[in-house]
Amino acid sequence: MLKKNLLILIPARSNSKTIKNKNLLNVFNKPLIYYSIKIAKKIKEEKKIVFCSTDSKKIKAIVEKYGINVPFLRPKKYAQNLSRDIEFVNHALLEFNRKKIVFKYCLILRPTSPIRNVKNIHSAYKTLKKNVKATSIRAVTHPKNNPFKTWMLNKGFLKPILKSKIHEHFNAPRQILPKTLWQTGNFEFFKVNYAKKIKSVSGKNILPYFISGNEVLDIDSNSDLKNLKKTMLN
């Protein structure tokens, strides 16, 4: 087996639901996915492979145009609206295992989070490698809204999503509510330890890596796209 330190996965399925062909949106004459490829190439790790997990021949052709080899496509059954990350991760690990290639760590770079600081990625990678107990590390930020004030509908009535020892926490001042963090799509590293299949992309011991500002921007709507273009112009 050929042991590699890092598999960098760029997930880019076709037929995105909210914005059509989201991964190929034109952002300053480059497809959105280009910005994840660009940062992946800058990551300082000699024993790495950058791979785009896609079910689309069109995306495959565009990615290969930018110098990233895509030796196999993701099956359509792992590229549905409700598909989970573990599916495309394990598919990639199994396919590389068949090629006698295994990995110690994996990094997911989602095209929908194109503004990244490579120094933060290097720092997070270093932190995970040093922490024996940690299973993963992911980018997080302080949320604008506290989830203790979030509701769901139950038979037509509002019901708090979270439980708390604080009496009517949904009516309490934010200063006394538990501090929470919001996960972003900027990056997530996790340990693979040369396995050909894993049970979780996070594990039980998840380290936080704090990011802020424009790096937390994630493209889920047309308004997000407009904000991205304004941000990149400044």
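The legends below describe an overall view and several close-up views of a predicted model.

**Figure 1. Overall view of the chain.** The chain of this predicted model contains 5 helices and 10 strands. Its C-alpha trace spans about 55 × 40 × 40 Å along the principal axes. The radius of gyration is 19 Å, which agrees with the value near 17 Å for a compact globule of 234 residues. Of the 234 residues, 47% are buried. The exposed surface of the chain amounts to about 13,800 Å², and 52% of that area is supplied by carbon and sulfur atoms. When contacts between residues at least 6 apart in sequence are considered, 74% of them join residues at least 24 apart.

**Figure 2. The open sheet of six strands.** The sheet comprises 6 strands in the order β4-β1-β5-β9-β6-β10, and its pairing is mixed. Strands β4 (48-53) and β10 (206-210) are the edge strands, each of them pairing on one side only. From one strand to the next, the twist averages 25°. Helix α3, formed by residues 85-98, packs on this sheet and touches β1, β4, β5 and β9 (182-191). The direction of α3 makes about 155° with that of β5.

**Figure 3. Pairing of strands β1 and β5.** Residues 2-11 form strand β1 and residues 101-108 form strand β5; the two strands pair in the parallel sense over 7 bridges. Within this pair, Leu9 stands opposite Ile108 of β5.

**Figure 4. Surroundings of Ile108.** Ile108 is located in strand β5. With a relative accessible area of 0%, Ile108 falls under the 20% limit and therefore counts as buried. Apart from residues up to four places away in sequence, Ile108 touches Leu9, Pro11, Phe88, Val89, Asn186, Phe187, Glu188 and Phe190. One of these contacts, Val89, is 19 residues from Ile108 in sequence, and the C-alpha atoms of the two residues are 9.0 Å apart. Leu9, also among the contacts of Ile108, is the residue that stands opposite Ile108 in the strand pairing.

**Figure 5. The β7-β8 hairpin.** Strands β7 (residues 151-154) and β8 (residues 157-160) pair in the antiparallel sense over 4 bridges. The two strands form a hairpin with 2 residues between them. Asn154 has Phe157 of β8 as its bridge partner. In the turn, Lys155 adopts a positive phi of about 55°.

**Figure 6. The two ends of helix α2.** Helix α2 spans residues 57-65, and at its start a side-chain oxygen of Ser56 reaches to within 3.2 Å of the backbone nitrogen of Lys58. Just after the helix, Gly67 takes a positive phi of about 90°.

**Figure 7. Ser202 in the loop between β9 and β10.** Ser202 belongs to the loop that connects β9 and β10. The relative accessibility of Ser202 is 15%, so this residue counts as buried, the limit being under 20%. Leaving aside residues up to four places away in sequence, Ser202 touches Thr135, Ser136 and Arg138.

Key: Residues are numbered from 1 along each chain as its sequence is written. This is a predicted model: local features need pLDDT of at least 70, side-chain atom pairs count only at pLDDT 80 or more; totals for chains, interfaces and linings use all residues. Side-chain values use heavy atoms; hydrogens and water are left out. Two strands pair if DSSP finds at least two bridges between them. Axes are lines fitted to C-alpha atoms, for helices over the stretch in contact, and angles run from 0 to 180 degrees between N-to-C directions. Contact means heavy atoms within 4.5 Å. The radius of gyration is taken over C-alpha atoms; the globule rule is 2.2 Å times the number of residues to the power 0.38. Buried means under 20% relative accessible area, exposed over 50%, partly exposed in between (1.4 Å probe, protein chains only). Accessible areas come from the Shrake-Rupley method with a 1.4 Å probe; for residues, only the protein chains shown count as cover. A polar contact is a pair of N or O atoms within 3.5 Å; within protein, one must be able to donate a hydrogen and the other to accept it, and residues adjacent in sequence count only if both atoms are side-chain atoms.
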